[in-house]
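Open the model in your viewer and keep the selection panel at hand. The tour goes one selection at a time.

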Amino acid sequence: MSKPDYMLFSGTSHLKLSEDIAQSLGIELSQRSIERFPDGEIGVQILENVRGRDVFVIQTIAKEPNLYLMELLILIDALKRASAHRIVAVIPYYGYSRQDRKDKGRVPITAKLVANLLVTAGVSRVVTMDLHAEQVQGFFDIPVDNLYARPVLAEGIQRLGAEKPVVVTPDIGSIKLARLLANEIHADFAIVDKRRMNATDIKTNAIIGDVQGRDVILVDDICSTGGTLKNAALACKEAGAQRIFAAVTHLLLTKDPMKSFGIEKLLVTDTVPLSKEIDHSHIEVLSVAGLFGKVIDSIANNQSVSALFRPRT
């Protein structure tokens, strides 16, 4: 097999995922040096010749989003100044995606600001997964591939052996993901009517759908505090659900509240590294490295990406 004519670089936010993606492609990560100066500045040097080459830079913008976003921008600038032909930013979790609109006066649209920064730095394409708001793709004037974790989550859900499963979205915003997953595993789906009172308080009003005597799979794209899942789990229990599972694409939790409100098992993808403070015994990590590997190979060879991951309806 001939050596691919593209190069794969990684930031420091999630080196394990980068290594897994490289392994799925049968290549090694290209060499770079990233250091921190005493005052906190980031220094980057590309240690291989990238002139005229397509390069893919993998960096998830989570846990320390400001640090890792800046590191990504500096990596991109270094590659551009080293005369790389095409720079593709592979961002498994697109930080700031929840700040996608003006929902009150005098606030920024930070997801758009991040898009501007990436394009200005020199990115020619972005690959990401399960954007919190798909409209973020429209913030770019370059191609954006928003991949779906649905196939990976569906495989994990099917292994749970749930009885009379019903896929439940903990809020209105995840209806599309819940419906797609329900279709994938041939299950019904229901909705928890959630109202956010303020930045920390969430009120659950009712469940739209039937969970009585059934195993529930709560589905969400992002879990940062666990509050939404907690309220949804309690509402499902009160409505007569049997066992409760959860499936989340991006797990940002730094604490471990899951067992305290009855979620038997939590399925997550590896777009974000798990916090060491979390009890991993009730968490199953599902790898998306293979999905990203397929997309990177398709882009490098100018083949269709949508043909690989076209969502089922």
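How many residue pairs are in polar contact between domain 1 and domain 2? The count is nine, with both residues of each pair at pLDDT 80 or more. Keep in mind that this is a predicted model.

**Set up the two domains.** Select 6-147 together with 289-308 and colour that selection as domain 1. Give 150-281 a second colour: that is domain 2. Now place a marker at the centre of each domain, taken over C-alpha atoms; the two markers sit 28 Å apart.

**Go to the interface.** Show the residues that touch across it. Domain 1 puts 18 residues in contact with 16 residues of domain 2. Together the two domains bury about 1,400 Å² between them. Carbon and sulfur atoms carry 57% of that area.

**Select K63, Y93 and D130.** Show their side chains. These three supply 40% of the area that domain 1 buries against domain 2. No other three residues supply more.

**Select E134 and K176.** Here you find a salt bridge. Draw a distance between the closest N and O atoms: it reads 3.0 Å. How many salt bridges does the rule find across the interface of domain 1 and domain 2? It finds one.

**Select α1 (15-25) and α7 (289-300).** Each of these helices gives at least two residues to the side of domain 1 that touches domain 2.

**Colour that side by residue class.** On the side of domain 1 that touches domain 2, eight residues are nonpolar. Five are polar, and five are charged.

Technical notes: Residues numbered from 1 in each chain as written. Predicted model: local features only at pLDDT ≥ 70, side-chain atom pairs only at ≥ 80, totals over all residues. Heavy atoms only, no water. Domains from an automatic or database assignment. Contact = heavy atoms within 4.5 Å. Buried area = accessible area lost by both parts, 1.4 Å probe. Salt bridge = Lys/Arg side-chain N within 4 Å of Asp/Glu carboxyl O. Polar contact = N/O pair within 3.5 Å; in protein donor to acceptor, adjacent residues only side chain to side chain. Helix = DSSP H or I, 4+ residues; strand = E, 2+ residues; numbered from the N terminus. Nonpolar A, V, L, I, M, F, W, Y, C, P; charged D, E, K, R; others polar.
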